[in-house]
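Here is a short briefing on a protein model with its nucleic acid partners. Read it with the structure open.

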Amino acid sequence: MSIDRKWTSKKKRALEVLLRLKRLYPNATCSLDYTTPVQLLVATILSAQCTDERVNKVTPALFAKFPDARSMAYADILELEELVRSTGFYHNKAKNIQGACRKIVEEFDGEVPQLMEQLLTLPGVARKTANVVSAHAFGNIQGVTVDTHVKRLTNLLGLTSHQDPIKIEQDLMKLIPKVDWENFSIMTIFHGRAICNARKPNCPECELAELCPSANRVVK
DNA sequence: CTCCCGATAT
DNA sequence: ATATCAGGAG
């Protein structure tokens with residue numbers, strides 16, 4: 001048999017995954033360094049296809065030079081590009097950071113808007129970034145943040161069969177209690193980095209293996 | 001769908 | 001050499 005009968009229901013399996021993640025990562029939090037909502041927004045834009053560790057190496061110098069939306073909005077774009085260069089996609093990222101900050105200054109009085117609908121109008125901000133900012137800067141959990149780790153692990157765990165992040169998020173919102181939505185993402189990302197990474201998933205050391213249809217474990 | 005893109009692990 | 005990293009826009 002592939003999976004213990006106790007967890008044949010996808011819902012029960014999801015809740016057991018959640019329980020175990022909480023036990024494994026009781027102190028999991030956002031691993032991006034920031035002090036203001038604008039800084040979190042910028043750090044999250046920079047985190048596209050880049051490790052948080054790398055983002056945290058560039059943001060100290062970036063925020064020392066340009067601490068708020070107003071300073072980034074009218075900064076020399078070449079200087080901005082140079083400061084974020086090592087995170088990759090630096091041309092687009094610098095342009096989006098400046099574009100988002102200009103809009104924040106000109107249309108939102110210098111403050112990051114709190115409504116999802118408004119967040120999503122900022123250049124470089126789509127569902128994933130908006131979820132992160134809404135949850136961590138404003139404590140307003142609107143959905144499940146689906147990044148590359150959440151996408152990979154939830155597919156491996158059989159909690160969704162979709163590849164589209166929006167559809168994955170909709171599946172997860174049905175399986176996970178709302179209060180745990182953001183925490184589930186954070187913990188899944190931690191587990192993705194520590195155990196179930198894309199290059200070499202460590203199934204023998206994985207506490208979720210007996211729940212996971214994809215784990216290469218010995219079948220009884 | 002393609003493009004953006006440097007740093008790092010394998 | 002190649003795959004992957006808290007994605008988003010055209």
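**DNA strand C**

Around DNA strand C there are 28 residues, and Asp 52, Thr 129, His 149, Arg 152 and Arg 199 come nearest. The model is predicted. The points below take DNA strand C, then DNA strand B, then the two domains of chain A and the salt bridges.

*What surrounds DNA strand C*

- Sugar or phosphate accounts for 60% of the atoms of DNA strand C within 4 Å of the protein, and bases make up the rest.
- By class, the surface near this strand has 12 nonpolar, nine polar and seven charged residues.

*Polar contacts of DNA strand C*

- A polar backbone atom of Ser 47 is 3.1 Å from a phosphate oxygen of DNA strand C.
- Ala 126 also places a backbone N or O atom by a phosphate oxygen of the strand, at 3.2 Å.
- Asp 147 uses its side chain: an N or O atom there is 3.2 Å from a sugar or linking oxygen of DNA strand C.
- Which elements give two or more residues to the surface near DNA strand C? They are helix 8 (127-138), helix 9 (148-156) and helix 11.
- Helix 11 gives the most, with four residues.

**DNA strand B**

*What surrounds DNA strand B*

- The residues around DNA strand B are Gln 49, Arg 54, Arg 85, Ser 86, Gly 88, Phe 89, Tyr 90, His 91, Asn 92 and Arg 199.
- Arg 199 is also among the residues that come nearest to DNA strand C.
- By class, the surface near DNA strand B divides into two nonpolar, five polar and three charged residues.
- Helix 6 (residues 90-107) supplies the largest share of that surface, three residues.
- Of the atoms of DNA strand B within 4 Å of the protein, 54% are sugar or phosphate atoms, and the rest belong to bases.

*Polar contacts of DNA strand B*

- Phe 89 has a backbone N or O atom 3.0 Å from a sugar or linking oxygen of DNA strand B.
- His 91 also uses its backbone, with an N or O atom 2.6 Å from a phosphate oxygen of the strand.
- Arg 199 meets a base: an N or O atom in its side chain is 3.1 Å from a base nitrogen of DNA strand B.

**Two domains of chain A**

*Layout*

- The domain assignment splits chain A into domain 1 (5-29 + 144-211) and domain 2 (37-138).
- Eight residues from domain 1 and seven residues from domain 2 take part in the contact.
- The C-alpha centres of the two domains lie 27 Å apart.

*The interface*

- The size of an interface is often given as the accessible area lost when the parts come together.
- Domain 1 and domain 2 bury about 600 Å² between them, with 55% of it on carbon and sulfur atoms.
- On the domain 1 side, Thr 145, Glu 169 and Glu 182 lose the most area to domain 2, together 56% of what that side buries.
- Five residue pairs are in polar contact across the interface of domain 1 and domain 2, both residues at pLDDT 80 or more.
- Helix 10 (165-175) and helix 11 (181-194) are the elements that give two or more residues to the side of domain 1 that touches domain 2.
- Helix 11 gives the most to that side, with three residues.
- By class, that side of domain 1 has four nonpolar, one polar and three charged residues.

**Salt bridges**

- Side chains of opposite charge can pair when their charged atoms come close.
- How many salt bridges does a search of the whole structure find? The search finds six.
- Between domain 1 and domain 2 the count is two salt bridges.
- Asp 52 and Arg 193 form a salt bridge through their side chains, at 3.1 Å from N to O.
- Asp 52 is also one of the residues that come nearest to DNA strand C.
- Glu 16 and Arg 20 form another salt bridge, and their closest N and O atoms are 2.8 Å apart.
- Both Glu 16 and Arg 20 lie in helix 1 (residues 10-24), four residues apart, about one turn of the helix.

Technical notes: Residues are numbered from 1 along each chain as its sequence is written. Chains are lettered from A and ligands numbered from 1 in the order in which they are written. This is a predicted model: local features need pLDDT of at least 70, side-chain atom pairs count only at pLDDT 80 or more; totals for chains, interfaces and linings use all residues. Side-chain values use heavy atoms; hydrogens and water are left out. A residue is near a molecule or strand if one of its heavy atoms lies within 4 Å of it. A polar contact is a pair of N or O atoms within 3.5 Å; within protein, one must be able to donate a hydrogen and the other to accept it, and residues adjacent in sequence count only if both atoms are side-chain atoms. Ala, Val, Leu, Ile, Met, Phe, Trp, Tyr, Cys and Pro count as nonpolar, Asp, Glu, Lys and Arg as charged, and the others, Gly among them, as polar. Domain bounds come from an automatic or database domain assignment. Contact means heavy atoms within 4.5 Å. Buried area is the accessible area (1.4 Å probe) that two parts lose on being put together, summed over both. A salt bridge is a side-chain nitrogen of Lys or Arg within 4 Å of a carboxyl oxygen of Asp or Glu.
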